[in-house]
Amino acid sequence: MHQENKLGFDTLAIHAGQKPDPVSGAVMTPIVLSSTFAQEGPGAHNGFDYSRAGNPTRDALEGCFAALEGAKHAIAFGSGCAATTTILLTLKSGDHVVVGDDLYGGTFRIFDKVVKQFGVSATFLDMSDPAKVASAVRPETKMIWMETPSNPLLKISDIAAIADIAKKKNLILAVDNTFATPALQNPLALGATLAVHSSTKYLNGHSDVVGGVAMTSDDALAEKLRFLQKSVGAVPSPFDCYLVLRGLKTLGVRMRQHVEGARAIAEWLASHPQVERVLYPGLAKHPGHAIAQKQMRAPGGMVSFDLRGGIPAATAFLKALTIFACAESLGGVESLAEHPAIMTHASVPAENRRALGIGDGLLRLSIGIEDVGDLRTDLEVGFAAAKRAAS
Ligand code: P1T
């Protein structure tokens, strides 16, 4: 057996958690669809009894996830939101969480509308200033939840600095690493307790699965999450696990191409007359650029920008695109464009959106791995349509 901790990222992405099937020799992990497993006698089995509790295809996926994130444990879920909610179920009524103010609308909704009902409260604040995080911690605070880069404003927060605060105050630090992926950023190595992902995005990479994962090297926390995974049951199907395992094999290669395209598009947008501001951590004038350079291997494949002309221009722009699909989600091989205020972040109250800078002209691009010249040409068509709509 090879020693996984000595292997490089691209090798792990292809092999970790996987070995030829002992029965048939199949090189690719079989999709074990069975919901139940025969036992030699009551309670006598080799690790699998019922697929909600454990499944061989899910096991292989969790092994690969853990190796890529450098975690001891990976616990897979049926969506990123299921991973988030299950993590929050480790808390109890009266507990408090300090949460980044710019995060996926669905994650905001879990804090604002779901766990609040069970007495878990949240304070939302700008985590690009770690001092604000420290001063928001109360005696009943149990967790810090951050997204970096954040969705949709691509704000960067200093994971190591916030991990220091978490350690001093004995708090769990959960980092949603969906935008960066373990190819570009490793929150656990920077001191976080948990790395959380929507595997719907880059990890799967082909926009044909909804999934999530929580990863940690804390044995006690992993045991709680494993118990909740089985008890709550928000588990991914074996077929979805297979698809993500297959997608992971090319994660490193895809991320290199996503980053190359995103850099080129961000630099081009930065000098475009119809663009008011570009948000991309790879640009030197991005306020989080220095921290991004410190904690990320590359700035990622997501670019947001403010288009002049408000809603009419933004709508015309999105409708005119033919290579970019106007769609929610991100991280697939195909490029997507969306309007956060109307689409992904509609569940964030309008006044919060305004205060944060998620305005009527804000557009978010998930740069796919197509030829970047074609993407630029498509965006030109969008800009021309936006100009006509605004005039
Ligand atoms: O969609 P789901 O797999 O449940 O993942 C939720 C989620 C969690 N964290 C981040 C950073 C996310 O971006 C998401 C989902 N986001 C979108 C669907 C979107 O278009 O932004």
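**Close-up 1. His96, a buried residue of strand E2 in the predicted model.** In this predicted model, His96 counts as buried because its relative accessibility is 0%, a value that falls under the 20% limit used for that class. His96 is found in strand E2, which covers residues 96–100. The side chain of His96 is joined to that of Arg138 by a polar contact of 3.5 Å. Leaving aside residues up to four places away in sequence, His96 touches Ser121, Ala122, Thr123, Ala136, Arg138, Glu140, Thr141, Lys142 and Met143.

**Close-up 2. Polar atoms around the ligand.** An oxygen atom of the ligand lies 2.6 Å from an N or O atom in the side chain of Thr200, and a polar side-chain atom of Asn151 is found 2.9 Å from an oxygen atom of the ligand. With Ser329 the backbone takes part, since one of its polar atoms is 2.7 Å from a ligand oxygen atom. The ligand taken alone exposes 480 Å², of which the protein buries 93%.

**Close-up 3. The shell of residues around the ligand.** The ligand is surrounded by 18 residues, of which Asp176, Thr200, Lys201, Ser329 and Arg364 are the closest. By class, the shell holds four nonpolar, nine polar and five charged residues. Both domain 1 (3–248) and domain 2 (252–390) contribute to this shell, with at least three residues from each.

**Close-up 4. Helix H11 and its packing partners.** Within helix H11, which spans residues 310–320, Ala313, Ala314, Ala316, Phe317 and Leu318 are buried. The buried residues of H11 pack against four strands, E9 (302–307), E10 (325–326), E11 (336–338) and E12 (362–366), and against helix H13 (372–390).

Conventions:
Residues numbered from 1 in each chain as written. Predicted model: local features only at pLDDT ≥ 70, side-chain atom pairs only at ≥ 80, totals over all residues. Heavy atoms only, no water. Near = heavy atom within 4 Å. Polar contact = N/O pair within 3.5 Å; in protein donor to acceptor, adjacent residues only side chain to side chain. Areas by Shrake-Rupley, 256 points an atom, 1.4 Å probe, with all protein chains shown as cover. Nonpolar A, V, L, I, M, F, W, Y, C, P; charged D, E, K, R; others polar. Domains from an automatic or database assignment. Buried < 20%, exposed > 50% of the residue type's maximum accessible area, 1.4 Å probe, protein only. Helix = DSSP H or I, 4+ residues; strand = E, 2+ residues; numbered from the N terminus. Contact = heavy atoms within 4.5 Å.
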